[in-house]
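Have a look at the structure below before reading on. My notes are meant for someone meeting it for the first time.

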Amino acid sequence: MKHRVTLIPGDGIGPEVSEAARKIVNASGVDIDWDVVEAGSAFINKYGTPLPHTVIESIKENKVALKGPITTPVGKGFRSVNVTLRKSLNLYANVRPIKSYAGVKSRYENIDLVIFRENTEDLYAGIEHMINDEIAESIKVISKSASRKIVKAAFEYAVNNGRKKVTAVHKANIMKLSDGLFLRTAKEVAKDYNNIEFENVIVDAMSMKLVLNPEKYDVLVMPNLYGDILSDMASGLVGGLGLVPGANIGEDAAIFEPAHGSAPDIAGQNKANPTAIILSSAMMLKYLGERKSADRIERSVEIVLNEGKYFTPDLGGNSTTDEFTQAIISKLKYII
Ligand code: NAI
């Protein structure tokens, strides 16, 4: 079956790593018609905005996008493209699988957890104002409906992927109303899933537990801000952002993208690690129902990482993005 997918190469290292993913997906044999659209700070002069309306239209039409990172300038100016995309397409679930590879140097082994981060509200609702010149106020919004949706998504994932436990992360001891509502809702949803173990952990304790014994965790679900912080922290446990894929999923559309940013310090040098976006493209293929090709890509990445012959500089090697990509394509041929 042919799929039409929006491809947003992004800026910084985005074009290099997304080209690597496109080559690998094509080599896996899935028939994809790529609808390539431009977004990011590199295109502000061309379109007068980093997010031309054609980008959202393309995603609405195709329903699935693979996206490279996009630079968000700090301070005033345009709103983050990433936040705008997630909000305008109502991509309520940010999903980040964190997995360790035996060949990649890390203090930990056997980590295999998945973080479900609520993606539309909390302190990211963008409700901020100055009370006076010296006091700013940001409002944290937590709703029962959004909490229910993200917790349900985490449990459904657990059921469909043979996972055993869901851990809800919160700070309900202090934010009794907002996080209290999230936790109450999580407990209610958990009652519908008797075969999955459920526990809840306060976010500060969770940070410590993840650093001490990350291998004990399976599926984690949490509001937006804690998810933002813990998912980057957990990436560090397995060797860095260059390895960790991600998905933003809603009811009508989904965007698959790496966890890392545009890495301006190494852009254009053919040395970025494309693993994160390659694994994101494998998540995308599963979403499209192309599970076999997705598994082949994941397996090839695993073999190349465990062999350790083609590491990019972030993993301590001196291979280029292209050499690493080629190594994965070569393995694909032998995996049925
Ligand atoms: P970053 O993730 O771009 O870079 C942090 C460090 O990790 C840098 O030293 C970089 O070289 C390295 N790194 C990141 N990805 C790598 C890869 N694939 N291979 C090898 N090394 C890699 O984070 P930073 O510098 O905080 O953000 C840069 C820009 O990206 C900012 O404007 C930020 O807002 C944006 N950003 C965009 C995201 C997105 O589009 N989803 C996500 C995160 C940040």
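What follows is a set of numbered points, going from the whole chain to single side chains.

1. First, a reminder: this is a predicted model. Please keep that in mind whenever a distance or an angle comes up below.

2. Let's begin with the whole chain. It has 336 residues, and a compact globule with that many would have a radius of gyration near 20 Å; the value here is 20 Å, so the two agree. Along its principal axes, the C-alpha trace spans about 55 × 50 × 40 Å.

3. On to the inside and the outside. Buried residues account for 52% of the 336. The accessible surface comes to about 15400 Å², and carbon and sulfur atoms make up 52% of that surface. As for contacts with a separation of 6 or more, 74% of them are between residues 24 or more positions apart.

4. Now the secondary structure: you'll find 11 helices and 12 strands in the chain. Ten of the strands are worth tracing by eye, as they make an open sheet of 10 strands in the order S2-S1-S3-S12-S11-S4-S5-S10-S8-S9, with mixed pairing. Its edges are S2 (31-36) and S9 (197-202), each of which pairs on one side only. From one strand to the next, the twist averages 25 degrees.

5. For a closer view of one pairing in that sheet, try S4 and S11. S4 covers residues 93-99 and S11 covers residues 247-249; the two run antiparallel and are joined by three bridges. If you want a spot to zoom in on, Val95 has Ala247 in S11 as its bridge partner.

6. Which strands does helix H4 lie across? H4 (residues 81-88) lies across S1 (2-8), S3 (64-67), S5 (112-118), S11 and S12 (254-256). Relative to S3, the helix runs at about 170 degrees.

7. Helix H7 (residues 203-212) also lies across strands, in this case S5, S8 (165-170), S9 and S10 (219-222). The angle between H7 and S9 is about 105 degrees. Recall that S9 is one of the edge strands, so named because it pairs on one side only.

8. Then there is a hairpin, in which two residues connect S6 to S7. S6 (residues 128-132) and S7 (residues 135-138) pair in the antiparallel sense, with four bridges between them. Asn132 stands opposite Ile135 of S7.

9. How many salt bridges does a search of the whole structure find? The count is 22. One of them is between the side chains of Lys2 and Asp31, at 3.5 Å from N to O. This pair links distant parts of the chain, with Lys2 in S1 and Asp31 in S2, 29 residues apart. Lys2 counts as exposed because its relative accessibility is 52%, while Asp31, at 38%, counts as partly exposed.

10. Another salt bridge brings together the side chains of Lys140 and Asp122, at 3.6 Å from N to O. Lys140 lies in the loop between S7 and helix H5 (144-160) and Asp122 in the loop between S5 and S6, so the pair ties together parts that are 18 residues apart in sequence. Are these two residues buried or exposed? Both Lys140 and Asp122 are buried.

11. A further salt bridge, between Glu188 and Arg148, has an N to O distance of 3.8 Å. Glu188 lies in helix H6 (residues 178-190) and Arg148 in helix H5, so this one ties together parts 40 residues apart in sequence. Glu188 is partly exposed, with a relative accessible area of 30%, and Arg148 is partly exposed too, at 31%.

12. Last, spend a moment on Arg4. Salt bridges that share partners join Arg4, Asp33 and Asp35 into one network. Arg4 lies in S1 and counts as partly exposed, at 38% relative accessibility. Leaving aside its neighbours within four places in sequence, Arg4 is in contact with Asp33, Asp35 and Asn62. The C-alpha atoms of Arg4 and Ile59 are separated by 10.0 Å, and these residues are 55 apart along the chain.

Terms used: Residues are numbered from 1 along each chain as its sequence is written. This is a predicted model: local features need pLDDT of at least 70, side-chain atom pairs count only at pLDDT 80 or more; totals for chains, interfaces and linings use all residues. Side-chain values use heavy atoms; hydrogens and water are left out. Axes are lines fitted to C-alpha atoms, for helices over the stretch in contact, and angles run from 0 to 180 degrees between N-to-C directions. Contact means heavy atoms within 4.5 Å. The radius of gyration is taken over C-alpha atoms; the globule rule is 2.2 Å times the number of residues to the power 0.38. Buried means under 20% relative accessible area, exposed over 50%, partly exposed in between (1.4 Å probe, protein chains only). Accessible areas come from the Shrake-Rupley method with a 1.4 Å probe; for residues, only the protein chains shown count as cover. A salt bridge is a side-chain nitrogen of Lys or Arg within 4 Å of a carboxyl oxygen of Asp or Glu.
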